[in-house]
Amino acid sequence: MDQVLRAPMRVGRVVPLLVLSAFGAIAFTCAVATVGYANNQHMADARVWLEHSHSVLTLLQNQGQRLDRVSASMQLYRATGDDRHLSNAQSTTAAMRVGVDNLETLVRDNPSQTQHAKDLDVKIDGLAHALDAAKTSREIPDRELRESRSAITVIQDEEHGLLTQRADDTQKATTRSLVLGIFFLGSSLVVIVVLFAFLIRDALRRRAFETQISIANDRLEGTVEKLKRHGADSVFLKSSRDELQLCVTSLEAQKCTGRHLHELVPGSRGATVILNNSRTLMEIMTTWGEPNSLSDGFALETCCGLRTGRSRWRKPGESEIHCSHFAGVPPENYLCIPLAAQGETIGFTYLEFPTEEIAQLACDRLVLIEEMVELASMTIAALNLRAKLESQSIRDVLTGLFNRRFMEVALERELHRATRRGSSLAVLLLDVDHFKDFNDTFGHEAGDVVLREVGACFLQSVRTEDIVCRYGGEEFVIIFPEITAEMALQRAEKIREQISALRIQFKGQPLGHISLSIGLAMFPYPASSVDELLRMADHALYDAKQSGRNRTVVASHAPALFLKKEH
C-alpha cells in the first residue's frame, strides 16, 4: 500500500520538476542567446572597423605609389624634356586628388584623420601647382613631394594605431564568444543529462516498438540504398557523357571510356579494339590494367561478341567457347561488347576479370557497363565522322596534301606567328616542268601518278613543322616556318634534286625525267604580307621558267637571282 502511494507521489513530483526544468532551460537558452547576440554584434562591428582600417591603409599605399610615379615622371621629364612625362605626372596628381576625396569619405567618422586628410589635400594642391610651374623651369618639386609623403605617413601611422586597437577588440570579442560557447555547451550538457535520466524509463517501455521501427527502417534503408545506387549510376553516366562530349579525337574518347570502365569495375583489365581503316584487322588502341593475353591485329570473326553482334561473357560452366584473339592462354572470365553506331561496327570493348569477386562486381553493373559502351560507341562514331569530314575539307583528294584553302589559312597563321616571334618564313612555289607533255603523251591518269609521287617525295623531304599544299594543277606550295633565306634555298635545291632523281613507271612504262621550277620568297623581307609573299614567289617561279626551268629563283628587289643546274 505504501509503495502504491509513493508511486503517485513520485509521479506528482516528477511532472512539476520536468516542467520547471523545461522553463529553466528555456530561460537559460534565451539569456545565453541574448548575450551571444550582443557579443556577436560587437564582433561584427569590430570586424567592420578592422576592414575599414585596411581600406584606409590600402588607399594610402596607393597614394604613396602614385607619389612615387610622379617623382619618377618628373625625373624623366627633367632628363629628357619630354612633355609626356610631365603630363603623366600631372595626370597621376589628378588621380591622387580623387584618392584624397575617397580618403576623406572613409575617415569622416574620425575628426583627427579628417583634418590630416585635408592637410594632405592642401599638400597635393601645392604639388599640382608646382607641376604646372615646372613646365617652364623643368625643376623637380622635391619640397612638395616630401610634404605630401610626410602627410601620407602621418595618416598611415595614426591608422596603424587604430588598426592595432581594433584588432585587439576583435580578439577580445572572439575570446568572449568562445568562453560563452563553452559555458553554454557545458550547461546544455548538464540539462540534457538531467532530462535524459527522466526519459530512460520511457525509453525502456518503447523498446518493443522501436524494434518494429528498426525492422521497417532496415527495409526502408534497403530501398533508399537501391535509389542511391540508381542515382549514383545516373550521375556516373551523366559525368561520362559530359566528359565524352569534351573529347575532340576518337583516341581521346577511347581513353576516356577506358578510365570510366576501370572506375566502374576496379581491378578489371581491358582494352578498346578498333577496326582499322582498311576494315580488315582489329587493332588495340587503348588499354588499362595490362591485359597481357590479348593479341594485337586479328580478324573480325575471331571475336564471338562481334560475330553475334551483342555483349558476350565467357564464364566457366556457362559459356566455355573462347574467342580467338588471344596471344597466350585466354583468361577464365572476360567480356566482349561490340562498339557499333548507326548500323556500323567500329570495334569492341574487351574487359577481363582476374578474380571471381571482380567478375561478380562486373555482373552486378553489367547494365551500366553496356550503357557506358553504348555512349562511347556513339561518341567515337561521331568523332570519326567529324575527323573524316575535316580531312576531306582541308586535303587534296588526289595527292593527300593540304589544299589551297588550308594553305591560305595556314600561311596567314604562320605570318602572324613569325611576326610575333620576330622570325623569318619562306614560301616555295613549285611547278612540275612540262607537265602538259606528260598528260598529252601518257594520258591524264599517268599525270595523276606523277602528281601523287611528287607529293609523296615532298612529304619525305620536309620537317614536321613544314606545310606542303597542292596549289592547283601541277603547282605546289611549301611553307617553311622559322628558316633563313640561305637554309630555304638549300632545302629548295635538295627537294628539286630529289624530284629529278625520281624514276616513275606507269603500267610498266617509264614516264621519263621529271624536274621542278621553284620560286622562293621570304617574309618579312622582301615580302611583308601574304599577298605580296605569294606574288613575289609567283614572279620568281616565272623567272625560273623563263630562265630554262629546273632551277630555283629567289625573289628580291634586285634582279632575280637564280641557281642553275644543267642536266
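**Cavities, pockets and the sheet**

Student: By class, what lines the largest cavity of this model?

Tutor: The model is predicted. The largest cavity holds about 40 Å³ of space. Its lining consists of Glu 414, Arg 417, Ala 418, Arg 421, Ser 423, Leu 425, Pro 481 and Glu 482. Sorted by class, this lining has 3 nonpolar, 1 polar and 4 charged residues.

Student: Which element supplies the largest share of the lining of the largest cavity?

Tutor: Among the lining residues are Glu 414, Arg 417, Ala 418 and Arg 421. The element that gives the largest share covers residues 404–421 and supplies 4 residues; it is helix 10.

Student: What volume does the second largest cavity have?

Tutor: The count comes to 2 cavities of 30 Å³ or more. The second largest is lined by His 52, Val 107, Asp 109, Asn 110, Gln 113, Glu 159, Leu 162 and Arg 166, and by class these are 2 nonpolar, 3 polar and 3 charged residues. Helix 4 (residues 142–205) has the largest share of that lining, 3 residues. The volume of the second largest cavity is about 30 Å³.

Student: What is the strand order of the open sheet?

Tutor: The sheet has 5 strands with antiparallel pairing. Within it, strand 1 (residues 269–275) pairs with strand 5 (residues 344–352) over 6 bridges. The order is 2-1-5-4-3.

Student: Which strands are left without a neighbour on one side, and why?

Tutor: In the order 2-1-5-4-3, the ends are taken by strand 2 and strand 3. Each has a single partner strand, so one side has no neighbour in the sheet. From one strand to the next, the twist averages 20 degrees. The edge strands are strand 2 (282–288) and strand 3 (312–314).

Student: Which residue in strand 5 stands opposite Ile 274?

Tutor: Strand 1 covers residues 269–275, and its pairing with strand 5 runs in the antiparallel sense. Opposite Ile 274, in strand 5, stands Gly 347.

Student: What angle does the direction of helix 6 make with that of strand 2?

Tutor: Helix 6 (residues 250–264) packs on the sheet. The strands it touches are strand 1, strand 2 and strand 5. With the direction of strand 2, that of helix 6 makes an angle of about 50 degrees.

Student: Which element gives the largest share of the lining of the largest pocket?

Tutor: The largest pocket has a volume of about 620 Å³. It is lined by 22 residues, with Arg 279, Glu 344, Ile 346, Asn 384 and Leu 385 nearest its centre. At least two residues each come from helix 6, strand 1, strand 2, strand 5 and helix 9 (366–394). The largest share, 7 residues, comes from helix 9.

Student: How many charged residues does the lining of the largest pocket have?

Tutor: The lining numbers 22 residues. By class it divides into 11 nonpolar and 7 polar residues. The charged residues number 4.

Student: Which element gives the most to the lining of the second largest pocket?

Tutor: This pocket has a volume of about 290 Å³. Of its 13 lining residues, Arg 229, His 230, Asp 233, Arg 365 and Leu 368 are the closest to its centre. Two helices, helix 5 (207–246) and helix 9, each supply at least two residues. The one that gives the most, with 7 residues, is helix 5.

Student: How many charged residues line the second largest pocket?

Tutor: By class, this lining has 6 nonpolar and 2 polar residues. Its charged residues number 5.

Conventions: Residues numbered from 1 in each chain as written. Predicted model: local features only at pLDDT ≥ 70, side-chain atom pairs only at ≥ 80, totals over all residues. Heavy atoms only, no water. Pairing = 2+ DSSP bridges. Axes fitted to C-alpha atoms, helices over the stretch in contact; angles between N-to-C directions. Contact = heavy atoms within 4.5 Å. 1 Å grid on protein atoms, 1.4 Å probe; cavity = no way out; pocket = protein on both sides within 12 Å on 5 of 7 lines; lining within 4 Å. Points joined across faces, edges and corners; volume = space filled by probe spheres on them. Nonpolar A, V, L, I, M, F, W, Y, C, P; charged D, E, K, R; others polar.
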